[in-house]
Amino acid sequence: MPSSSKSKNELFKTIPLIISLTGLIGQASATLVAYYNMEQGSSPLIDQVGGEIASAVDSGHQYGAAGPAGFGNAVGLNANGGWQLSVADSAALNLANNFTVAGWINIDSAIVKSQPAADNHRILGDDSAWDGDGWAFGVTGGVMRFTRNGIVDADDPSGTAVPTDSWVHIAATPTSTGINFYLNGVLTGTNGNGADNNTGLGNNGLEDPYGVGRAYGNAKDQYFPGLLDEVRVYDSVLTQPEIAALMTAVPEPSTGLLIGLAGLAVGLRRRRSC
């Protein structure tokens, strides 16, 4: 094969990579305000965005479990525990409508919870007495639920069952017109409850801490029975393609790769101008 033809073939193989990377870079229109990658081998969990910490409380904490393919380690719970943020560290989560909460989950069906709210499995939520000032997100009764604390429990109206004993990705985007639910990057349903939720201050006039792996409930029993990974919160509503993109582990490009891609892009422009 002539070298010029080979070069063109290699070029066309590279173009999809450039497009893919460009699309991922262009995705960042929303601001990531909290990100727990669960790579820690012990407490606390570190927010990769602002450095805030979530400290282990109560019992059952697990570290170093295998996460979804390509995402490294995960953490988990097998008893009534969680990781609690301080009030100051929870400030970024004091959000009203129009935001996104998402994460990978693996519900362990062998863990049997006996508390009054045994079917409530929260991945993130207000971890103080519910006074109408916070929110929580997770799986309840086998379907996704977004709770406006003290106001309403909004379930995925499609009733789509969240699988157990395997990694799945869930997300919710509460808006002023309803709450969108996503399972493995696909929109499953929209609950029409559009009432405002957290303002940062509740009926008691105080801010509350949030918890990773649980939220406040009956005796704070709404812990997540199983494994968690890549819990993220954005300050605006991600689109369906953007939420689906969260399921793809993309390694950070090296400086050399970025320089090479930039040079290739310049070359492409020059070719088109000739």
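This is a short working chat about one predicted model, its sheet, its cores and its salt bridges.

User: Quick overview first. How many helices and strands are in the chain?
Analyst: Three helices and 16 strands. Keep in mind that the model is predicted.

User: What share of the 274 residues is buried?
Analyst: Buried residues make up 45% of the chain.

User: And the surface? How much does the chain expose, and what do carbon and sulfur supply?
Analyst: The exposed area is about 12100 Å². Carbon and sulfur atoms supply 55% of that area.

User: What about contacts over long sequence separations?
Analyst: Take the contacts between residues at least 6 apart in sequence. Of these, 66% join residues at least 24 apart.

User: On to the sheet. What is the strand order in the open sheet of eight?
Analyst: The order is E2-E3-E6-E15-E8-E9-E10-E11. The pairing is antiparallel.

User: Which strands stand at the edges?
Analyst: E2 (45–46) and E11. Each has a single partner strand, so one side of each is left without a neighbour in the sheet.

User: How many bridges join E8 to E15?
Analyst: Three, and the two strands run antiparallel. One residue pair to look at is Asp-126 with Tyr-210, its bridge partner in E15.

User: Now E10. Is it mostly covered or mostly open?
Analyst: Mostly covered. E10 spans residues 143–148, and six of its six residues are buried.

User: How is E10 joined to E9?
Analyst: By six bridges, with the strands antiparallel. Across that pairing, Trp-135 stands opposite Arg-148 in E10.

User: What does the turn between E9 and E10 look like?
Analyst: The hairpin has two residues between the strands. Gly-141 takes a positive phi there, near 60°.

User: And on the E11 side, how many bridges?
Analyst: Four bridges join E10 to E11 (residues 152–155), again antiparallel. Arg-148 turns up here too, opposite Val-152 in E11. This hairpin has three residues between the strands, and Gly-150 takes a positive phi near 75°.

User: Where do side chains point in a regular strand?
Analyst: They alternate between the two faces of the sheet.

User: Switching to packing. Which residues touch the most other members of the largest nonpolar core?
Analyst: Ile-105, Trp-135, Phe-137 and Val-233. That core has 39 residues. Apart from it lies another core, of eight residues, including Ala-30, Ala-102, Tyr-234 and Leu-246.

User: Back to Ile-105. What is it in contact with, leaving aside neighbours within four places in sequence?
Analyst: Its partners include Ile-123, Val-139, Val-162, Trp-167, Val-168 and Ile-170. Phe-224, Leu-227 and Leu-228 are also among them, and so is Ser-166.

User: Charges next. How many salt bridges are there?
Analyst: Five. Two of the pairs involve Arg-214: one with Asp-58 and one with Asp-127.

User: Where does Arg-214 sit, and is it buried or exposed?
Analyst: Arg-214 is in the loop between E15 and E16. It is buried, at 2% relative accessible area. The cut-off for buried is under 20%, so Arg-214 qualifies.

User: What is the N to O distance to Asp-58?
Analyst: The Arg-214 to Asp-58 salt bridge is 2.7 Å, N to O. The two residues are 156 apart in sequence, with Asp-58 in strand E3 (residues 53–58).

User: Is Asp-58 buried or exposed?
Analyst: Exposed, with a relative accessible area of 53%.

User: And the N to O distance for Arg-214 with Asp-127?
Analyst: That salt bridge is 3.2 Å, N to O. Asp-127 lies in the loop between E8 (120–126) and E9 (135–140), so the pair ties together parts that are 87 residues apart in sequence. Arg-214 and Asp-127 are both buried.

User: What links Asp-58, Asp-127 and Arg-214?
Analyst: A network of salt bridges.

User: Last one. What about Arg-232 and Glu-230?
Analyst: Their side chains meet in a salt bridge of 3.4 Å, N to O. Both Arg-232 and Glu-230 are buried.

Conventions: Residues numbered from 1 in each chain as written. Predicted model: local features only at pLDDT ≥ 70, side-chain atom pairs only at ≥ 80, totals over all residues. Heavy atoms only, no water. Core = buried A, V, L, I, M, F, W, Y, C linked by side-chain atoms within 4.5 Å. Buried < 20%, exposed > 50% of the residue type's maximum accessible area, 1.4 Å probe, protein only. Contact = heavy atoms within 4.5 Å. Salt bridge = Lys/Arg side-chain N within 4 Å of Asp/Glu carboxyl O. Pairing = 2+ DSSP bridges. Areas by Shrake-Rupley, 256 points an atom, 1.4 Å probe, with all protein chains shown as cover.
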